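Reader: Hello! I would love a close look at a single part of this protein, with a walk through its surroundings. Could you take me there step by step?

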Amino acid sequence: MPKILVCVKRVPATGARIVLTDDEQEINTRFLGFAVSPHEECAVEEAVRIVEGQGGSATVLTLGPPEAEEQLREALSMGIDEAMLLETDGGDWNAMATAQAIHAAVAPAMAGPEPYDLLLFGNESADSSGYQVAVRVARALGLPCVTGVKGLSIEGGMATARREAAGGWEIFEVPLPAVITIKEGINLPRYPSFRGKMAAKKKPVHRLAPEHTEGGMQKIRLQTPETETKGAEVLGEGPDAAPKVVELLKQIGVMQP
């Protein structure tokens, strides 16, 4: 029966308007809600489906501030068995520091009698589009890694992972344990039931204090993407606007010159 670890990230709710702090170093979260990154939400759902079909257990892990327990509880309410919070002060951790913290947390289990068979990650985070963490963890643990997966099955100590390619699919077979990054669209994550939410309150959340590692790429500043703006131009009022309207219609080809 598989033992699965799902690593998720707490991100500002997707679809919300992102505003930066004045120093362009952080996202202003005063009016924002938070959620699990969408790719990782699909990874949680995939872990729950595997356990439902084959037995075993699933653990969810995140690195973040104490408030990130909310996202862990959400995963627990979907059917994950237990959670692990690598608790920080909420400061920025780059991919290298995050991967080393996760490696330090799971390496003892991987060397023990009951290692994780499958480590699932989201293909990329919704806030910074980071995609390095899973690959770095796989490298540190010496495990095979398949990224961008939109189809996954586990059987006989092997994982069969499918990802989209030009005109078809790429199919990989890797021995377990393995690291897999899940892409949104592999499944439709369930909505937690009331019963699931009540049960999640009693499930354990283990807390660890990870050590921050210096090095790797450093953030200089954040920049929000340019957005399309809509505007209107007043051509005039009353009969005086008619010539301008006619000229505009000619410009866009509605009327012949």
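**A close look at Glu 45 and its surroundings**

Author: Happy to! Let us start with Glu 45, which has its place in helix H1, the run of residues 38-54. Please keep in mind that this is a predicted model.

Is Glu 45 buried or exposed? Its relative accessibility is 2%, and because buried means under 20% relative accessible area, Glu 45 counts as buried. What does Glu 45 touch, once its neighbours within four places in sequence are set aside? The contacts are Met 78, Asn 187, Leu 188, Pro 189 and Arg 190.

One of those contacts, Pro 189, leads us on to a pocket. The second largest pocket has a volume of about 400 Å³. Its lining is made up of 22 residues, and Pro 189 is among the closest to the pocket centre, together with Ala 35, Val 36, Glu 41 and Glu 74. Which elements give two or more residues to this lining? They are strand S2 (10-12), strand S3 (34-36), helix H2 (69-78) and H1, the helix that holds Glu 45. H2 gives the most, with 5 residues. In character, the lining of the second largest pocket divides into 15 nonpolar, 5 charged and 2 polar residues.

Strands S2 and S3, which span 10-12 and 34-36, bring us to a charge and a ring. Arg 10 lies over the face of Phe 34, and the distance from the ring centre is 3.7 Å. A second case involves Trp 169: here Arg 162 lies over the ring face, at 4.2 Å from the ring centre. As for pairs between aromatic rings, the count comes to 0.

For contrast with buried Glu 45, here are two exposed residues. Glu 155 is found in strand S8, residues 151-155. Its relative accessible area is 68%, and since exposed means over 50%, Glu 155 counts as exposed. Where does Met 1 sit relative to Glu 155? The two are 154 residues apart in sequence, while their C-alpha atoms are 9.9 Å apart in space.

Gly 142 belongs to the loop between helix H4 (133-141) and strand S7 (145-149). With a relative accessible area of 62%, Gly 142 is exposed too. Gly 142 and Ala 97 are 45 residues apart in sequence, and 18 Å separates them in space, C-alpha to C-alpha.

To come back to where we began: Glu 45 is buried, sits in helix H1, and is in contact with Pro 189, a residue that is among the closest to the centre of the second largest pocket.

How values were computed
Residues are numbered from 1 along each chain as its sequence is written. This is a predicted model: local features need pLDDT of at least 70, side-chain atom pairs count only at pLDDT 80 or more; totals for chains, interfaces and linings use all residues. Side-chain values use heavy atoms; hydrogens and water are left out. Helices (H or I, at least four residues) and strands (E, at least two) are DSSP runs, numbered from the N terminus. Buried means under 20% relative accessible area, exposed over 50%, partly exposed in between (1.4 Å probe, protein chains only). Contact means heavy atoms within 4.5 Å. On a 1 Å grid over the protein atoms alone, a cavity is a set of points where a 1.4 Å probe fits but cannot get out, and a pocket is an open set with protein on both sides within 12 Å along at least five of seven lines; lining residues have an atom within 4 Å of a point. Grid points are joined across faces, edges and corners, and a volume is the space filled by probe spheres set on the points. Ala, Val, Leu, Ile, Met, Phe, Trp, Tyr, Cys and Pro count as nonpolar, Asp, Glu, Lys and Arg as charged, and the others, Gly among them, as polar. Rings of Phe, Tyr and Trp (its six-membered ring) pair if their centres lie within 6.5 Å; planes under 30 degrees apart count as stacked, over 60 as edge-to-face and the rest as tilted. A charge sits over a ring if NZ of Lys or CZ of Arg is within 6 Å of the ring centre and within 35 degrees of the ring normal.
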